[in-house]
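Trainee: I would like to learn how the words used to describe a structure are justified. Could we go through some of them slowly, setting each value against its definition?

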Amino acid sequence: MIYKVSDNIISSLGFTSSENYSSVKKYKSGLSFYENMFDIPEPFVGSLLENEKINEAFSKIATKSDIEYTKLEKTAILSVYDAVSEANIDPADNSVLFIFSTTKGNIELLENNNKYEPERVYLWRSAQLIAEFFDNKNEAVVVSNACISGVAAQITAARYLNAGRYKYIIVIGAEVLSKFIISGFQSFKALSVEMCKPFDKNRTGLNLGEAAATIIYSKAEQETDLHSGTIIYENGAVCNDANHISGPSRTAEGLFNAINIAMNGIDKETVSFINAHGTATPYNDDMESVAIGRHEMNDTPVNSLKPYFGHTLGAAGILETIISAYALQEGIILKSMGFEDLGVVSAVNINKDIIGSDKKRFLKLISGFGGSNAAIIMRKI
Amino acid sequence: MKFDIKSYCRITNKKVLLNGTEVPIIRSEEPNSLWLNDVYRSFGIQYLKFFKMDNLSKAGFLGAELVCRDVGLDINVPNKDISIVCFNRSSSLDDDIIYQQTIQDKNNYFPSPAVFVYTLANIVTGEIAIRNKIMGESSFYITEKFSPKQISEAIYDIFRNNYVNGLLCGWTEYFKDNCDVLMMFITRNNKSGKEITTELISKLY
């Protein structure tokens, strides 16, 4: 069975998973209002990492380096560094593989006049630099599957471990924001100029965020080899809507099918909560409610973590899995912030306060451009 | 596990090969006609959305179109047991550069959703899924160069899921007028199929 060895989150709410998790429990949001940022004419609400903090933390671990790293690479390396220290493994060992999840990598380097060599804009190059920092020689796997990348990367990791190819997989998701990404989402009219309100009737769109998040996975022969409380990856699936490249299916076909495969043989009554994608765009939240409703899970508590972190794109699936895993371990269900009145087509149970639960599983959902949807089911021992 | 590669095709800047045999492409007489548009017309494809696609999507779409036609895939029914896995080197950089031009200049700032939507590598898998009603997995991976190792690993991993009966898998690279596509249609055949080796993948490429 595939289990989580260690993890890390770097966001505007903190530089470890614990810091981030305790901020969420205190209803603290990393979102701020930005005007004239990145030279973009319209303001936006987002969660940005402070360059000074990243540089300061990075200078403490990068002692040998003669490479000038980008913000994305530094943040990713910091995240892996912390997760590796906690796991107490040798990341240079050839039994360790890096899987990197990102949608746009160093895309801001397309802007004129920067000091970096042209190949730094390629996603495989970022992955190489991250793995090389840790002296890992295996060809890193790079997942770029739009917004579902972070969950797709975990599914890929589980497959690699089940195939017996590696002993440890370091799954790292990272995204930084830029004029490129913000202006694009603005052109889609997808961004809210206030804090997002997933599943609420007054929701007006999403907020974007910067983050890096890491999970190290390994495989155990049997459950008795693992400590009580250990988080297990049980199953996962990716399914396409075959409907539209930028809009979700009205019948939630892909997400319904992904849940169906992920939950195969699992009693839905054992699911403590559903951590939704919950971007707070009108279409996404409606679609997710339809998928949950079609599975008759209307009573299962649902939350979205977007009001705390924003949508962190390639990092989202990993970051939200970690926060949800911490809540599962503690036996609580986190509050879906920004939610007051239900405003989705299918009646789902959005969780308005932190509540207790002794159930052993959570379901993580995610969807994105290209018609892609993914679901994973996690359990605590 | 053993497989049949039911059909495969190569599309480069100059040639289209289906199952190893070159297919003649009728070049348009217009001076600036696009190669991929000529490939589209040569096969008599009727799908107007094609002309809205970016180059990467066009290239991958055509690769999928040729092999799906060759195997006679029924595209009028949902194909829930078929998946799509694509790889490339340059992600969506070809379209990224076009989008960047729309936001580069403060005095000429016109970010376009129609261009932005293609600034994700996996949109090509979405286009293929829509055209062929493929509702299984769709995944996109990036490697520095054509990687028979990662491609063959993905093939085995996908078919370990017993709900998968067919896989469209390939290399869909398009950057700066350089088109490089290998698309395969693979099915499971444990009785009389063959192992997918890195040598086999290299040979088809």
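Mentor: Let us begin with the word helix, which here stands for a DSSP run of type H or I with at least four residues, numbered from the N terminus. In this predicted model, A:Met287 is found in helix H8 of chain A, which covers residues 282–294.

Trainee: What makes A:Met287 count as buried?

Mentor: Buried means a relative accessible area under 20%, and A:Met287 has 2%, so the word applies. Leaving aside residues up to four places away in sequence, A:Met287 touches A:Pro248, A:Ser249, A:Ala252, A:Leu255, A:Ser367 and A:Asn373. The C-alpha atoms of A:Met287 and A:Arg250 are separated by 5.9 Å, although these residues stand 37 residues apart along the chain.

Trainee: How do you know that the structure holds 0 disulfides, and what keeps A:Cys147 from forming a bond?

Mentor: A disulfide needs two cysteine sulfur atoms within 2.5 Å, and the count over all chains is 0. For A:Cys147, the closest cysteine sulfur belongs to A:Cys196 and lies 13 Å away, which is too far for a bond. The sulfur of B:Cys9 is likewise too far from its closest cysteine sulfur, in B:Cys68, because 9.7 Å separates them.

Trainee: Why are A:Cys147 and B:Cys9 each called buried?

Mentor: The limit is again 20%; A:Cys147 has a relative accessibility of 11% and therefore counts as buried, while B:Cys9, at 0%, is buried as well.

Trainee: What makes strands S1 and S7 of chain B a pair?

Mentor: Two strands pair if DSSP finds at least two bridges between them, and S1(B), residues 3–12, has 9 bridges to S7(B), residues 178–188, in the antiparallel sense. One of the residues to follow here is B:Cys9, whose bridge partner in S7(B) is B:Met183. S1(B) is also joined by 3 bridges to S2(B), residues 16–18, and these strands run antiparallel. The bridge partner of B:Ile11 in S2(B) is B:Val16, and a hairpin through 3 residues joins S1(B) to S2(B).

Trainee: Why is H6(A) called roughly perpendicular to H3(B)?

Mentor: The axes of H6(A), residues 179–187, and H3(B), residues 93–103, come within 10 Å and cross at roughly 80°. Angles from 65 to 115 degrees count as roughly perpendicular, so the description fits these helices. In their contact, A:Lys179, A:Phe180, A:Ser183 and A:Gly184 meet B:Asp96, B:Tyr99, B:Gln100 and B:Ile103, a group that divides into 3 nonpolar, 3 polar and 2 charged residues.

Notes: Residues are numbered from 1 along each chain as its sequence is written. Chains are lettered from A and ligands numbered from 1 in the order in which they are written. This is a predicted model: local features need pLDDT of at least 70, side-chain atom pairs count only at pLDDT 80 or more; totals for chains, interfaces and linings use all residues. Side-chain values use heavy atoms; hydrogens and water are left out. Buried means under 20% relative accessible area, exposed over 50%, partly exposed in between (1.4 Å probe, protein chains only). Axes are lines fitted to C-alpha atoms, for helices over the stretch in contact, and angles run from 0 to 180 degrees between N-to-C directions. Angles under 35 degrees count as roughly parallel, over 145 as roughly antiparallel, 65 to 115 as roughly perpendicular and the rest as oblique. Contact means heavy atoms within 4.5 Å. Ala, Val, Leu, Ile, Met, Phe, Trp, Tyr, Cys and Pro count as nonpolar, Asp, Glu, Lys and Arg as charged, and the others, Gly among them, as polar.
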